[in-house]
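Here is a short note to read alongside the structure. Keep the 3D view open and look up each residue as you reach it.

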Amino acid sequence: HNGSANFCMHFGYSDGSIYNQTDELSSIFFADGEARVIDHLWVNNSNYVLNCLLNGNGLTDPMGEDDSFYLIATGYDEDDNVVGTSTFYMANNEKIVTEWAKWDLSGLGKVARVEFNVGGTNDNGYGFSQPAYFAYDDVAVQFKELVFK
């Protein structure tokens, strides 16, 4: 995003299917354990995901008119309790994200950790079947205001 040379690529999902063996979803967290508000981050689909959404592959069909592909952020406090969730649609019958898009996460409130899950409506009989990847960049965090006397 914003012309930077680096970004993060997320992979992983949990869909409750007996075929999905994900024990722990990937997350971002504050190393000092203090909860803060993550204001937003920027997300985008990868080329691989876009190709599968548009054309399908050996594991999944292309997106149909009523299909969707989305991200779920779950915020946790310092005691690892869920404080909120936020969903962002990367593709649905109206659009497919092909450029960096801003995902407002401020509604989660103060979080010590945010866990990401990828989901959607495509199911090949073994659970969610689209590739569970997305790119993110420029995570904006609200820090306490410093007051100098």
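Which residue of β5 does F69 stand opposite? Hold that thought until point 2. Please keep in mind throughout that this is a predicted model.

1. **The open sheet.** Start with the four strands that form an open sheet, in the order β2-β8-β4-β5, with antiparallel pairing. β2 (27-29) and β5 stand at the edges with a single partner strand each, so one side of each has no neighbour in the sheet. If you look along the sheet, the twist from one strand to the next averages 20°.

2. **β4 and β5.** These two strands run antiparallel, and eight bridges join them. Here is the reply to the opening question: F69 stands opposite A91 in β5.

3. **The two sides of helix α1.** Now find α1, which covers residues 47-55 and has V49, L50, C52 and L53 as its buried residues. These four lie on the same side of α1 because they cover an arc of only 165° around the axis. On the other side of the helix, you will find N47, L54 and N55 exposed.

4. **What α1 packs against, and what follows.** The buried residues of α1 pack against three strands: β4 (69-76), β5 (82-91) and β9 (133-142). So two names from point 2, β4 and β5, turn up again as partners of the helix. After α1 comes G56, with a positive phi near 70°.

5. **Salt bridges around R36.** A useful idea to begin with: side chains of opposite charge can pair when their charged atoms come close. A search of the whole structure finds four salt bridges. One of them links R36 with D32, where the closest N and O atoms are 2.7 Å apart. R36 also meets E34 in a salt bridge, at 3.8 Å from N to O. Is R36 buried or exposed? R36 is buried, its relative accessible area being 12%, while E34 counts as partly exposed at 30%.

6. **A link across the sequence.** Next, look at R113 and D80, whose side chains meet in a salt bridge of 2.7 Å, N to O. R113 belongs to strand β8 (residues 113-120) and D80 to the loop between β4 and β5, so this pair ties together parts that are 33 residues apart in sequence. D80 is partly exposed, with 47% relative accessible area. Returning to point 5, D32, E34 and R36 are joined into one network by salt bridges that share partners.

Terms used: Residues numbered from 1 in each chain as written. Predicted model: local features only at pLDDT ≥ 70, side-chain atom pairs only at ≥ 80, totals over all residues. Heavy atoms only, no water. Buried < 20%, exposed > 50% of the residue type's maximum accessible area, 1.4 Å probe, protein only. Arc of directions from axis to C-beta. Contact = heavy atoms within 4.5 Å. Pairing = 2+ DSSP bridges. Axes fitted to C-alpha atoms, helices over the stretch in contact; angles between N-to-C directions.
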